[in-house]
Amino acid sequence: PEVINGRTHKATVVDLSPWVEYEFRVVASNSVGIGEPSRPSALLKTKAAVPVVAPTNIGGGGGSRSELVITWEPVSEELQNGEGFGYVVMFRPLGSTTWTKAVVASVESSKYIYRNESITPLSPFEVKVGVYNNEGEGTLSSISIIYSGEDEPQMAPAGASALSVSAA
């Protein structure tokens, strides 16, 4: 904490986290020692801000035919920086220039499933997941490669044979 002279009646506290409740105390000191701390102030909440921490552990894959399953580690409440928090999911087929964007409004969500009959099985997609709140859109994760779901086999195996083996 900052040390200020005894004639000062206010101080500015910096580097506080957005959208967090704080309480403050004051302690007086002189050459003899340090006194008892004051009673805590009322709880004061800092202003909201755009979130700056992107989700981590972007993954997924699997799912059914014509599905792209995207998963992530949710952002903890203390890093959401305001009300109206949610996720922005962006994805595109590998090699494409156009991103598809979806909004997941649930704070607790950690999965998004995109369904489209035109997705071919085991197709690679570039995926990134970001965050937003009432203050605006925040940071996006780095790009991860995720594969669409598999399809069931279309043909039975051919040319199967068996050998008889006996133990002597």
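**View A. Aromatic ring pairs in the predicted model.** Across the whole structure of this predicted model, a search identifies 6 aromatic pairs. In the pair formed by Tyr22 and Phe24, the ring centres lie 6.3 Å apart and the planes meet at 20°; because planes under 30 degrees apart count as stacked, this pair is classed as stacked. Tyr22 is partly exposed, its relative accessible area being 21%. Phe24 is likewise partly exposed, at 30% relative accessibility.

**View B. A cluster of aromatic side chains.** Phe91, Tyr112, Tyr114 and Phe125 are linked into a cluster by ring pairs. Phe91 falls within strand β7, which spans residues 86–93, and Phe125 falls within strand β10, which spans residues 124–133.

**View C. Strand β7 and its pairing with β10.** Strand β7 is mostly covered, with 7 of its 8 residues buried. Strands β7 and β10 run antiparallel and are joined by 8 bridges. Within this pairing, Met90 stands opposite Lys128 of β10.

**View D. Lys128 and the ring of Trp99.** Lys128, the residue of β10 that faces Met90, places its charged end over the ring of Trp99, at 4.3 Å from the ring centre.

**View E. The hairpin of β7 and β8.** Strand β8 comprises residues 100–104 and pairs with β7 in the antiparallel sense over 5 bridges. Tyr87 has Val104 in β8 as its bridge partner. The two strands, β7 and β8, form a hairpin with 6 residues between them. In the turn, Gly95 adopts a positive phi of about 95°.

Definitions and conventions:
Residues are numbered from 1 along each chain as its sequence is written. This is a predicted model: local features need pLDDT of at least 70, side-chain atom pairs count only at pLDDT 80 or more; totals for chains, interfaces and linings use all residues. Side-chain values use heavy atoms; hydrogens and water are left out. Buried means under 20% relative accessible area, exposed over 50%, partly exposed in between (1.4 Å probe, protein chains only). Helices (H or I, at least four residues) and strands (E, at least two) are DSSP runs, numbered from the N terminus. Two strands pair if DSSP finds at least two bridges between them. Rings of Phe, Tyr and Trp (its six-membered ring) pair if their centres lie within 6.5 Å; planes under 30 degrees apart count as stacked, over 60 as edge-to-face and the rest as tilted. A charge sits over a ring if NZ of Lys or CZ of Arg is within 6 Å of the ring centre and within 35 degrees of the ring normal.
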